[in-house]
Amino acid sequence: MTTFTIQDDFILDGQPVKLISGALHYFRIVPEYWQDRLEKLKNMGCNCVETYIPWNYHEPKKGQFDFTGRKDVARFVRLAQALGLWVILRPTPYICAEWEFGGLPAWLLADDSMRVRSTYQPYLDAVDAYYAELFQVIRPLFFTHGGPVLMCQIENEYGSFGNDKNYLKAVKRLMEKHGCDVPMFTSDGGWREVLDAGTLLHEGVLPTANFGSRTDEQIGALRQFMHDNQIQGPLMCMEFWIGWFNNWGSPLKTRDAQEAAGELEAMLKQGSVNIYMFHGGTNPEFYNGCSYHNGMDPQITSYDYAAPLTEWGAETDKYTAFREVIAKFHSFAPVPLSTPIQFQGIGELTCTNRVSLFNTLSSLTQPIATDIPQPMEKLGQGYGYILYRAHVGKARELAKAKLADCDDRAQIFVNQKLVATQYKETMGSNIPLTLDHPSDNVIDILVENLGRINYGASLVSPHQRKGIKGGFMLDLHFHTGWQQYCLELNNVEQVDFTQDYQSGVPAFYEYAFELDEPADMFLNLKGWGKGCAFINSENLGRFWDIGPTHYLYIPAPLFKKGKNTVILFETEGRTGSVSLDDHPLIDQPAAA
C-alpha cells in the first residue's frame, strides 16, 4: 500500500519526492486522446498530473449527475495510474480555470438570494449534495484505497475573493464527511494579503502559491509566510503559469520558451511544481469563461494557453525546453506514444441546407409564456441563447424603446428585421422603432449568454444572471406578455431544413460530406460573423469574426467514417466559406 505524508517535504513510501506535475483537464480533451496527452506529459519528465473537476460539467441541471464519456474523471485518473503517474485532484466547488462561472452551476442563480463561495446554507447544501455523488466516484482513486491521487484541494484562490475561514472550514468538513482521507491543500497568490485570507492555518492543510514569474520573490513570500505562522511543509507552486488565456478581439498571447524554462528551473531548485497548463485543450460547447474589463470580455474557444502542447496536442519549443530543465532534477525514461494521430484537410465544403432561426424555432423548443420576461436561470436554462417574443399591436412610430437590465448581447428584430444589436456600452440605449404591420407587429429579442464571469468581484455581480432581467420598454412603459424560447442548442439534429431561409437574420447552415478515414482537422471559417458550430451534433464551441482565432479544432474521434455533417448557427446574417484543413486560421499573435 502506498503511503504519502506531508512533513518538511512530501514523503512518498518513506522517501522525499519532488512533485513535478502538469495540468491536464480531462474535460477539455476528447477521451480518446487522454492517453496520448498523458504519455506526452510523462515524456516531458513529469511524475504527476493535476486536474480540476468542474461542478457545472457534472451537474448541469440540479440533481442530474453525469460521470460518463467525456466526463469520466475516474477513467482519466486510472489511465494516469497505468502510466505510473501520481495525481493531484482539485474537486473544489469553484475552480476559476477560465471556465464558465468558474465551474459553479448556473442553476444556483435561480435562487435570488444565492451567495456563492459563502456560508449561505442553500449554497452549502448544494455543495453537500454534489459531494455526495462526486466522492463516490473519486474516493476509490485516493492512494489510501489503492489509487494514484495523493492530495486534494480545498476551494481555489479563495484569498483573492474572501477571508471567511468558517466557509473554508465548512468545505473541508464536507470533503471529510464524504470520504476525503488524503492530505488537503489550498492555493493562492504568492503575497501576504491573499495568503492570510485564503489559507487554513493549523488545520493540517498545506498552503501553496500560484505565480508564473519572479519565482524567487514569490516562493520566498510563501516561505516567509509559512515560517511566520510556524507551518511545516514543502514549498510548492500549484499553478506555475507558463502562458495565459485569450479573449475575443485581443491579440493572441504567447510567452518565450527559454524565459519560461528559466523560471521553471528556479522553482524546481526550491520545491515542487504544477505547470499550468501543460496542455490547455479546448473550451467545449458554451463552457468558455468570461472576464470583466469595462464590460463583458468573454474568452475564446481555444484554451491553448501557450502551453508545451498546443490545443491540438503538438509538441512546441516550450515542451523541449521544459524537458531539458526537468532532466536536471531527475532521470526518466520515455514511453512510446500509443495513439496514432494524423492531420488532413479536405478543403472547402458546399452548403447542403439552410434555414432561418425564426422558421425552425418550433422544431427546437416550445415557448414559455410569462407576463414579465424572465432571465435564463428562472426558466431552467443555463447556457446558449434565448429568444424573447412579444406582439405589440398596431402600426406606429416609437421615438424610443429600450432593454432594461439585460446580459450579455442582444439583437432586436421588428417583424423579423434587425433594428439593433447591443453589447457592452450600448446595452440599454434607446432604439427608435418603426412598427410597420397594420395590426400585428412582432418584436423578437435574441439574447446570447457569452459566458459567466469566472474570477474576481464580478463573480457575484448581477451580470451573472443571463437574459432579460428588467424588461423591454416601449416609450416609457414596460411591455407585458412574452413568449420565451430557450435555445441551449443541444438538439441541433432537430433543425428543420425543409423550412424557408431568409438572408440577414440568424440562421442554421448544414454542410454534409463523406470521409474515407477520420483524421484531425480544423474547421476554418472565413467571412462569417458570430455563432457556434457542430460536428455530427457535437457542439464544438463559438466562433467570432473579431478573432484572434477563426477556426475550431475537430479531433478525429468526433468524425465518422462515411457521412458527416457540420452545422453552423450564425447570428449576424453573414456568411462566408467553410473549409476543413490541416492547419488553423489564426490572427498574428502579440509580441512575446
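In this predicted model, one aromatic cluster is formed by Trp55, Trp107, Tyr123, Tyr130, Tyr131, Phe135, Phe142, Tyr158, Phe161 and Tyr167. Tyr123, one of that cluster, also ranks among the residues with the most contacts inside the largest nonpolar core, alongside Leu38, Leu489, Phe508, Leu523 and Leu568. That core runs to 168 residues, and its largest share, nine residues, comes from helix H4 (residues 121–138). Setting aside neighbours within four places in sequence, Tyr123 makes contact with Trp55, Pro93, Leu104, Leu108, Met114, Arg115, Val116, Arg117, Ser118 and Tyr167. There is also a second, separate core of 26 residues, and Ile386, Ile445, Val447 and Cys486 are included in it. As a general backdrop, nonpolar side chains tend to be buried together in soluble globular proteins.

Arg117, one of the contacts of Tyr123, shows up again in a cation-over-ring arrangement: it lies over the face of Tyr94, at 3.6 Å from the ring centre. Lys530 does much the same kind of thing with Trp544, sitting over the ring face at 4.4 Å from its centre.

Back to rings with rings: the count comes to 42 aromatic pairs. Take Tyr57 and Tyr287, whose ring centres are 5.3 Å apart with planes at 85°; that angle is over 60 degrees, so the pair is edge-to-face. This pair ties together distant parts of the chain, with Tyr57 in helix H2 (residues 55–58) and Tyr287 in the loop between strand S11 (272–279) and strand S12 (290–292), 230 residues apart. Both Tyr57 and Tyr287 are buried. Phe358 and Phe413 give another edge-to-face pair, with ring centres 5.3 Å apart and planes at 85°. Here the link is between helix H10 (residues 357–364), which holds Phe358, and strand S19 (residues 409–414), which holds Phe413, with the two positions 55 residues apart in sequence terms. Phe358 is buried at a relative accessible area of 8%, and Phe413 is buried too, at 1%.

Zooming out, the chain has ten helices and 32 strands. Its radius of gyration is 25 Å, close to the 25 Å that the globule rule gives for 592 residues, so the chain is as compact as a globular protein of that length. Along the principal axes, the C-alpha atoms fill a box of roughly 85 × 55 × 45 Å. Buried residues account for 61% of the 592 in the chain. Of the contacts with a separation of 6 or more, 80% are between residues 24 or more positions apart.

Among the strands, an open sheet of four has the order S14-S32-S27-S30, paired antiparallel. Its edges are strand S14 (347–348) and strand S30 (551–554), each of which pairs on one side only. At the S14 end, two bridges hold the antiparallel pairing with strand S32 (residues 577–581), and Glu348 stands opposite Ser579 in S32. At the other end, strand S27 (residues 521–526) and S30 run antiparallel and are joined by four bridges. Leu523, already mentioned for its contacts inside the largest core, has Leu552 of S30 as its bridge partner. Side chains in a regular strand alternate between the two faces of the sheet. In S30, both faces are covered: Tyr551 and Tyr553 on one side and Leu552 and Ile554 on the other are all buried.

Just past that edge strand comes Pro555, in the loop between S30 and strand S31 (562–570). Pro555 has a relative accessibility of 6%, so it counts as buried under the 20% cut-off. Beyond residues up to four places away in sequence, Pro555 touches Val30, Tyr33 and Asp520. Its C-alpha is also 9.0 Å from that of Ile29, even though Pro555 and Ile29 are 526 residues apart in sequence.

Elsewhere, strand S23 (residues 467–474) has seven of its eight residues buried, so S23 is largely enclosed by the rest of the structure. Strand S18 (residues 396–407) pairs with S23 in the antiparallel sense over six bridges, with Leu403 and Phe472 as bridge partners. S23 is also joined to strand S24 (residues 477–478), again antiparallel, by two bridges. There, Leu474 stands opposite His477. The hairpin of S23 and S24 has two residues between the strands, and Asp475 takes a positive phi near 60° in it.

Methods. Residues are numbered from 1 along each chain as its sequence is written. This is a predicted model: local features need pLDDT of at least 70, side-chain atom pairs count only at pLDDT 80 or more; totals for chains, interfaces and linings use all residues. Side-chain values use heavy atoms; hydrogens and water are left out. Two strands pair if DSSP finds at least two bridges between them. Rings of Phe, Tyr and Trp (its six-membered ring) pair if their centres lie within 6.5 Å; planes under 30 degrees apart count as stacked, over 60 as edge-to-face and the rest as tilted. Buried means under 20% relative accessible area, exposed over 50%, partly exposed in between (1.4 Å probe, protein chains only). A charge sits over a ring if NZ of Lys or CZ of Arg is within 6 Å of the ring centre and within 35 degrees of the ring normal. A nonpolar core is a set of buried Ala, Val, Leu, Ile, Met, Phe, Trp, Tyr and Cys residues joined through side-chain atoms within 4.5 Å. Contact means heavy atoms within 4.5 Å. The radius of gyration is taken over C-alpha atoms; the globule rule is 2.2 Å times the number of residues to the power 0.38.
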